[in-house]
Amino acid sequence: MAHKYHYSYCSPCSFVSSQAGAMAFCHLTTLSFSLLAAVFLSICAPLVAESNAYIVYMGEKLNQEAEQIQDLHHRVLSDLLGSDEASSASMLYSYKHGFSGFAAILPPYVAKRIVDYPGVARVMPNRILNIQTTRSWDFLHMNPISMHGLLSESRFGQGSIIGILDTGIWPESESFKDHGMSEVPSHWKGVCQEGEQFSSSNCNRKIIGARWYIKGYNAEFGYLNTSDSFEFLSARDAVGHGSHTSSTAAGAFVSNASFMGLAKGVARGGAPHSRIAVYKVCWASGGCSSADLLAAFDDAISDGVDVLSVSLGSAPPLDPFVEDALAVGSFHAVAKGITVVCSGGNSGSRPQTVINTAPWLVTVAASTIDRSFPTTITLGNNQTLVGQALYTGRSSGKFLGVVYSEDIALSGGETDKASTCEEGSLNATLAKGKVVLCFQSRSQGSAVVAIKTVKEVQGVGLIFAQFPTKDVFSSIDFPFVQVDYQIATIILAYIQKTRYPILRFGFTKTALGTSISPEVAFFSSRGPNSLAPSVLKPDIAAPGVNILAAWSPYNPPVKTDTQGPLYYNIESGTSMSCPHVSGIVALLRSLHPSWTPAAIKSSLVTTASTRDLYGQHIIAEGAPHKQADPFDYGGGHIDPNKAANPGLIFDMGVADHIRFLCFMGYNNSAISLMARQVTVCPKGSGSMADLNLPSVSIPQLRKSLTISRTVTNVGPVLSVYVAHVQAPPGVKVAVKPSCLSFNATTNKLKFQVTFSPLLRVQGRYAFGSLMWHDGQHVVKIPLVVRIVIDDLYSDT
């Protein structure tokens, strides 16, 4: 039987699973700061920072040719500054098409004088403005107008090709336009495969290739007949998931993108000048066949992609690496220098649930951003409470009756099932026309189930009490508000003491910068690695909660007669965090084309942050919330700009991956077939902890253990790094040497770390870190150790 994979976006309110516009500047290879500033003046909300540049607004342009208007502007400046030369040097822009005016560098005294000049309507100081984006890339400090940082230094990902293994793409989306893009990179060897409602004309200089794979699917489920199903026999995306991940990784700048007016702003991908190669391996009605997945890896390797973004996986128990199609395909891709980024799964917050755990993969956890969707609930006693929702429907503002679900249980039914709105648990007569209050439980934690239940009994809205989380479920066509248990208890108390309880929902708003972030998402799968606990997983965390990106209008998240097709949608899951990292990897590949996949991964992990925007330790959502640790986020939350200049890297190659397979105990023939070279594993030599990973995980520390690492200097040639250790509690950690000196002839150095247990108890995992400082860089790797006692269960 073919193994079946699933794409990893979640049903956001399930208990356990479940942006920047087509601005004129965005497609230019070489960016002018002044051009960017002028564009931003027309679309963004201002900040207060000022410069000596001013905008001289002269109102509606006269019925003149553009050249005449420009001459007028120069004459005004010449009169004020005293010469044509000074005018030309001062002028930034002449606004001569939609209106009349100009921007210029002016001394403040001239700016004051020009206010009184004939024809001048207003003089405004130039201001630095924030773009109102779909937020996640701004949250990561990927500022498109900055002349510094990874985005600009990598030329927005110019030259890199990202392969997306997913459900296809909706090529008409504005996110996939190729305006201003240069010719297709010369190393691209792929094709644009035609199919149902997808022709070669759907490819362009953004979508440079497309393939689709269905033979494995057909073998498993029978031939897919699209005349009576929800699909296209082509690379066209019927689901939306592939379009979402593609645009998150490398979408173009799109202004005024939103989901039904929410999260409105400028949408963009992480690497907006990178190219997209589409590999459709997943189908709407049957998941993703491993046979099709391997075929896609095979083609992608020869096509010339630089990065593969794979938001797919199979839930635990995990298959052995030599039998896992994703692990095998990615093994060969990485051997050819292709970085493979995968989602870590949506089975959090339970431990040992992380997937895609091979050491050659970059495995991504999901985190929140600082955007929320507050929605007010006003009770009949005028008390106002706040929950979260994605609702802009017509009933907002109207008072509606409200009932507690347990009070309207079916006669003879189980009240505990009614309290969680389990399917078939409510009395339709008592629920009809009412808003229903339900409480999440461990047995029924799905908002989808609760909404379906309330709809079936003709309820008109749902308040769903759940464990605190920033993840919001999309239910635009049905009033649905998430609240925590405290808010829900207040509502319940009001219901119980009021004869005719009523409430009304306010309209959902978009709020930025009002919540502490990042936090690790509740649904994000956690370590330790259940298949190879000596390999820390996940590797990194990135935004994956309430992410706005392109979608397929063929699968609208809500049926609506009031708006046209919905080309953008808000989704949550590690499927959404994965392409964030893929986009950043594409930028790093453009900036450092000689770096190996392991070097790129190392740069991400060792520069990641373990603090939130306010300098506090990152929190992991859960029941209850807790301080996050490496099993939640690996090295930490991704910091793209620091990753561009990591100082030191931990490199690995195919030989190291073969050593890992030997350590895993796989037989020589299996490894030889996977590596396509004769391999004889040495007996009893070395430890898996010696793999040159940018982390240390020791699941069984019985006595003192010394492990080694080798670092490569990619910073200043003459560098001296000093070790600083935060030892895991109960463990003594010693580093030798404690100082690393690099020079023109020495750019690689080895060091050893000795771990000694201080306790003689059967311990739990403890966490620490090792940091190398040179005064400019901080190279930090997580330390994960568990003390064990051999004789714990002995008879003596």
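Let me begin with one ion pair: Lys-452 forms a salt bridge with Glu-456, and their closest N and O atoms are 2.6 Å apart. The two residues sit four places from each other in helix α13, so about one helical turn separates them. The general point is that an α-helix has 3.6 residues a turn, so residues three or four places apart point the same way. Glu-456 is partly exposed, at 45% relative accessibility. Please bear in mind throughout that we are looking at a predicted model.

Lys-452 has a second partner. It forms a salt bridge with Glu-423 as well, with the closest N and O atoms 2.4 Å apart. This pair links distant parts of the chain, 29 residues apart: Lys-452 belongs to helix α13, residues 447-456, whereas Glu-423 lies in the loop between α11 (415-419) and α12 (428-431). As for accessibility, Lys-452 is partly exposed at 38%, and Glu-423 is partly exposed at 49%.

Allow me to step back to the whole chain. It has 796 residues, 59% of them buried, and it contains 20 helices and 40 strands. Its accessible surface comes to about 31400 Å², and carbon and sulfur atoms account for 52% of that area. The structure holds 15 salt bridges.

Another of these salt bridges deserves attention. Lys-601 pairs with Asp-539, the closest N and O atoms being 3.5 Å apart. Lys-601 lies in helix α16 and Asp-539 in the loop between β26 (519-520) and β27, so the pair ties together parts that are 62 residues apart in sequence. Are these two residues buried or exposed? Both Lys-601 and Asp-539 are buried. There is also a network, in which salt bridges with shared partners join Arg-526, Lys-626, Asp-629 and Asp-632.

I turn next to helix α14, residues 485-497. Its 13 residues reach 18 Å from the first C-alpha to the last, close to the 18 Å expected at 1.5 Å a residue. Which residues of α14 are buried? They are Ile-487, Ala-488, Ile-491, Leu-492, Tyr-494 and Ile-495. Viewed down the helix axis, the buried residues of α14 fall within an arc of 160 degrees, so they line one face of the helix. On the face turned away from that buried side, α14 carries the exposed residues Gln-486, Gln-496 and Lys-497. The N-terminal end of α14 is capped by Asp-484, which places a side-chain oxygen 3.1 Å from the backbone nitrogen of Gln-486.

I should now like to consider three buried positions elsewhere in the chain.

The first position is Asn-546, found in the loop between β27 (540-543) and β28 (547-550). Although in a loop, Asn-546 is buried, because its relative accessible area of 2% falls under the 20% cut-off. Its C-alpha atom is 6.6 Å from that of Val-472, a residue 74 positions away along the chain.

The next position is Ser-517, in the loop between β25 (511-512) and β26. Ser-517 counts as buried, with 0% relative accessibility. Its side chain is joined to that of Thr-368 by a polar contact of 3.1 Å.

The last of these positions is Ala-300, in helix α9, residues 290-303. Ala-300 is buried, with a relative accessible area of 0%. Between the C-alpha atoms of Ala-300 and Ile-164 the separation is 9.4 Å, while the two residues are 136 apart along the chain.

Finally, I come to the surface. Which residues form a nonpolar patch there? The members are Ile-516, Leu-613 and Tyr-614, which together have about 290 Å² of accessible area. Leu-613 is located in the loop between α16 (597-606) and β30 (619-620). With a relative accessible area of 44%, Leu-613 is partly exposed.

To draw the main points together: Lys-452 pairs with Glu-456 and also with Glu-423. The salt bridge between Lys-601 and Asp-539 is formed by two buried residues. Helix α14 keeps its buried residues on one face and carries Gln-486, Gln-496 and Lys-497 on the face turned away from it. On the surface, Ile-516, Leu-613 and Tyr-614 make up a nonpolar patch. Thank you for your attention.

Methods: Residues numbered from 1 in each chain as written. Predicted model: local features only at pLDDT ≥ 70, side-chain atom pairs only at ≥ 80, totals over all residues. Heavy atoms only, no water. Patch = residues over 30% accessible without salt bridge, like charges linked within 9 Å, V, L, I, M, F, W, Y side chains within 5 Å. Areas by Shrake-Rupley, 256 points an atom, 1.4 Å probe, with all protein chains shown as cover. Salt bridge = Lys/Arg side-chain N within 4 Å of Asp/Glu carboxyl O. Buried < 20%, exposed > 50% of the residue type's maximum accessible area, 1.4 Å probe, protein only. Expected span 1.5 Å × (residues − 1). Arc of directions from axis to C-beta. Polar contact = N/O pair within 3.5 Å; in protein donor to acceptor, adjacent residues only side chain to side chain.
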